[in-house]
Amino acid sequence: MVRKIHTTTGSDVLDSFFKSNREWAEKVTSSAPDYFKNLSKGQSPEVLWIGCSDSRVCVEIFTQADPGQIFIHRNIANRVSAEDHAAQSVIEFAVKHLGVKHIVVAGHTCCGGVKGAMSKESLGMLDHWLKPIKELYENNKEEIDGLTTDTDKEYRLCELNVVNSVNNIATLPPVQAAWEEGRSLTIHGMIFQIENGLLKDLDISISEK
Ligand SMILES: [Zn+2]
C-alpha cells in the first residue's frame, strides 16, 4: 500500500495550531529573548501530575504553571496500577531521576472513564482498562447507589478511584526507596471540577511509609 504524503496538514484545526504556535513563540521570544535557550538546558520539575486524558482537563492552564514546572502523565481515568508499564516508567523516572517532591493524582468531574466503569455497556478495549474501577464500584456499590443523583454517584467513584491510585503509588518501589532515603516526597489526591474550574484537594496526602 502506498500512503499519500501531504505537504500540508490538510486540517483547519491543525493549521490554526501551527499559526498559534508561531505567534506564541514569537511573543515569548520578544519579551524574553533567552527563554527557549534556557528551557532547552534541562528540566527540574517539583511535581509529577497524573491526570485523565480528557481534553477539558488542562493542568498547565488551570494552574497557570510554566513549562518545566510539571512532569505529566495522562491516561483515561487517571489510573495507576503495577501492571501499567507506561505509568510505572513515568513514576520511576520522575522520582528517581527528576527528584520530584510531589506526586498529584487528579481525577475530574464529568469523567467519561468513571461513567464507563459504572455502565453495563461494553466499551471494547476500554472494558479491560476500566476493570479496576468497575471493581471499585462493585466493592462500594451499596454506598454509591445510595447517593441521590448520578452526579453524586460519579463523583464518589471518582474520589474512590483517586484514593486507590494514591494508595497504589505509595507501595511502589521507587516511592518506598525515596522515603527510606529520607527524601521529601508527598502523594496527593485531588479532583478538578469542570463545572467551576476549581481544583479540590481531597486531603488524603501520604508522605511516609
Ligand atoms: Zn476523565
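## The loop between β3 and α5

In this predicted model, C110 lies in the loop that joins β3 to α5. The phi angle of C110 is near 60°, a positive value in a residue other than glycine. With a relative accessibility of 29%, C110 counts as partly exposed.

A positive phi also occurs at Q64, where the angle is near 55°, again in a residue other than glycine. Q64 belongs to the loop between α3 (59-62) and β2. Its relative accessible area is 69%, and Q64 is therefore classed as exposed, the cut-off for that class being over 50%.

## The zinc site

The zinc ion has as its protein donors the SG atom of C52, the NE2 atom of H108 and the SG atom of C111, at 2.0 to 2.3 Å from the ion. Along the chain these donors follow the spacing C-x55-H-x2-C. C52 is part of strand β1 (residues 47-52) and H108 is part of strand β3 (residues 102-108), so this pair ties together parts that are 56 residues apart in sequence. Both C52 and H108 are buried.

## The sheet

Five strands form an open sheet with mixed pairing, in the order β2-β1-β3-β4-β5. The edges are occupied by β2 (70-75) and β5 (198-201); each has a single partner strand, so one side of each lacks a neighbour in the sheet. From one strand to the next, the twist averages 25°.

Strand β3 pairs with β1 in the parallel sense over four bridges. In this pairing, V47 stands opposite H102 of β3, and L48 stands opposite I103 of β3. Strand β3 also pairs with β4 (residues 186-193), again in the parallel sense, over seven bridges; here V105 stands opposite G189 of β4. Of the seven residues of β3, six are buried, so the strand is largely enclosed by the rest of the structure.

## Helices on the sheet

Which strands does helix α4 touch? Helix α4 (residues 85-97) packs on the sheet in contact with β1, β2 and β3. The direction of α4 makes about 170° with that of β2.

Helix α9 (150-170) lies across β1, β3, β4 and β5. Relative to β4, α9 runs at about 160°.

## Helix α10

Helix α10 (residues 173-180) has P174, V175, A178 and W179 as buried residues. Viewed down the axis of α10, these residues fall within an arc of 135°, so they line one face of the helix. They pack against two helices and two strands, namely α4, α9, β3 and β4.

The face of α10 turned away from the buried side carries P173 and E180, which are exposed. After α10 comes G182, whose phi is positive, near 80°.

## Helix α7

In helix α7 (residues 131-139), the buried residues are I133, L136 and Y137. Viewed down the axis of α7, they fall within an arc of 100°, so they too line one face of their helix. The packing partners of these buried residues are α5 (112-118), α8 (141-145) and α9. Helix α9 thus takes part in contacts with the buried residues of α7 and with those of α10, besides lying across strands of the sheet.

## Domain assignment

The domain assignment divides the protein chain into domain 1 (1-41) and domain 2 (43-201). The centres of domain 1 and domain 2, taken over C-alpha atoms, are separated by 30 Å.

Note on methods. Residues are numbered from 1 along each chain as its sequence is written. This is a predicted model: local features need pLDDT of at least 70, side-chain atom pairs count only at pLDDT 80 or more; totals for chains, interfaces and linings use all residues. Side-chain values use heavy atoms; hydrogens and water are left out. Donors are N, O and S atoms within 2.8 Å of the metal (3.2 Å for Na, K and Ca); water is not among the atoms, so sites may look incomplete. Buried means under 20% relative accessible area, exposed over 50%, partly exposed in between (1.4 Å probe, protein chains only). Domain bounds come from an automatic or database domain assignment. The arc is that of the directions from the helix axis to the C-beta atoms. Contact means heavy atoms within 4.5 Å. Two strands pair if DSSP finds at least two bridges between them. Axes are lines fitted to C-alpha atoms, for helices over the stretch in contact, and angles run from 0 to 180 degrees between N-to-C directions.
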